[in-house]
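Please walk through the structure shown here, moving from a single helix to a whole chain and then to the place where two chains meet.

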Amino acid sequence: MKFLLVLHNNPAVLEALGPDEQQKLMDGHGAFIEATQASGELVVTQALGDPSQSAVVRVRNGVPVVTDGPYLEAKEFLGGYYLVDVADRDRALELAARIPDASIDQLGVEVRPVMFEAGLEM
Amino acid sequence: MRVEDLVRDLAPQVLGALVRRHGQFDACEDAVQEALLTASERWPVDGVPDNPRAWLTTVASRRVVDDVRSATARRRREETAAALAGLAPDTPAPERAPGVDDSLVLLFLCCHPAVTPASQVALTLRAVGGLTTAEIAAAFLVPDATMGARISRAKQQIRAAGARFAMPPAPERSARLAVVLHVLYLVFNEGYTATSGDALVRTDLASEAIRLTRMLHRRLPDDGEVAGLLALMLLTDARRPARTGPEGDLVPLAEQDRSRWDHDLIAEGTALVGAALTRPPLGPYQLQAAIAALHDEAADTDSTDWPQIAALYTVLDHIAPNPVVSLNRAVAVAMTDGPEAGLCLLDELDDGPLATQHRLPAVRAHLLELAGDADAARGYYRLAAQRTASSPERRYLLARAATPGGHGPPTTPKGTT
């Protein structure tokens, strides 16, 4: 079963962390990647750029219009995710608990099952 | 060319190629050392491959690839982890410097300011000079283990400083150039007077030092000290054909057949130092080259301009105080004002760093011999012979110790040859 472990970043929370805690957060992700790579459960992980770099495309009357993202003011945004392939939901929850964000006040890790996927084999 | 000469000559080229291909100076340097070791074991048995440089590069490259692969994976993981933690990953773009001689880039890298001077010298001798840790340890009179640790530290310091494989920016270059010059000077000296083993002259190291210094001079033609160092090396190397006897024994300056000196090198060196002296500020290499030129221009010891040499050593001792310079000045003063005046200057060195080395007793023995005190001279020659790690020097010193005073022409000890 595939699950998306979704990281909702909150810059205010992350910036409030001291350098040691930031380093711990970084090291925690490093260790998590290493462990899930070793167990074969990690499919992919992506860290997304800052929302200030986001663009939104809307097509109106057949004409695409590109604007800056409306998310600049948002307190939280999608920061990145892990796609894991695990035995069951319990294992996905267990893994999510090991991501350092899960232990940070006001942050958490969202666990959502993947329903369908289309990859290179399409 | 002997196998060890060949691999030493190829070392910086192979390392340069590897660092360009893989990055990771530290891992590449280790891999090249291992490849050089493999070559020096196998080539004498299997024969030298058609393209030794390619062979070394392939072997070293294979060793480094696994390291680099895992390092790349680790770096990607670290960058992703930093981004997931909401921190901007630091990803400097790799820089390519086409047309730059890798040996020169390596030189500046080894002379990185994050590395202590002693380690800069050690690492340069290994990475660029292709010397083994044991040879470098002998050159600096420290145990092998000490030198090994010094080289490891140097590489850690370079890695920690995040140094890139590229020429240093212009503002840093002159300070770093001074270290590079010192390192080249030491490489030349190591090549010219092998500090250990049976061969007096390690030809390829002296040539390699000259090659690198020529390259520096081509790039920095207006730098007086680069020109001065090159002149010093050429004027010293010019005496090489006359410096060893048929048995590989040391022939001191005073006894050398000066017709065997390389007069093309002397002409080139003299012209270089003449031009360099007109470019202030005056530095220690220009002064030493000027002294070497005075020796090289003289037909024999008697017609040598000793007062001028003594005066130059006094200036040198003033701008760059150094016990070896003081030692050489004592010899020049002895030739000008008599051996007793020289011996007085030597007494001042007894508490210094030369006290436990072979050169001080060798010079003292020589001056005592000139002063007519043959018994004391013999004792100091023997002491010097015990202390030197170079077999030809030991043979020479023991021969002097066995010679009753007053026989043979007056000699100038090693310090000024």
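**From one helix to the interface**

In this predicted model, helix 19 of chain B, which covers residues 391–402, has 12 residues, and because each residue should add 1.5 Å, the expected span is 16 Å; the C-alpha atoms at the two ends of helix 19 are 16 Å apart, in agreement with that expectation. The buried residues of this helix are B:Pro392, B:Glu393, B:Tyr396, B:Leu397 and B:Arg400. Around the helix axis these residues cover an arc of only 130 degrees, and they therefore lie on the same side of helix 19 of chain B. Among the elements that cover the buried residues of helix 19 are helix 17 (359–370) and helix 18 (374–387), both of chain B.

Chain A, for its part, contains 3 helices and 6 strands, and its elements follow the order β-α-α-β-β-β-β-α-β from the N terminus on. Of the 122 residues in chain A, 25% are buried. When contacts in chain A are taken between residues at least 6 apart in sequence, 70% of them join residues at least 24 apart.

Where the two chains meet, 15 residues of chain A are in contact with 10 residues of chain B. On the chain A side, two or more residues each come from strand 1 (2–9), helix 1 (11–16), helix 2 (19–39), strand 2 (42–47) and strand 5 (77–85), with helix 2 of chain A giving the largest share, 7 residues. By residue type, the side of chain A that touches chain B consists of 7 nonpolar, 7 polar and 1 charged.

Key: Residues numbered from 1 in each chain as written. Chains lettered and ligands numbered in written order. Predicted model: local features only at pLDDT ≥ 70, side-chain atom pairs only at ≥ 80, totals over all residues. Contact = placed C-beta atoms within 7 Å. Helix = DSSP H or I, 4+ residues; strand = E, 2+ residues; numbered from the N terminus. Nonpolar A, V, L, I, M, F, W, Y, C, P; charged D, E, K, R; others polar. Expected span 1.5 Å × (residues − 1). Buried ≥ 20, exposed ≤ 12 C-beta atoms within 10 Å, placed from the backbone. Arc of directions from axis to C-beta.
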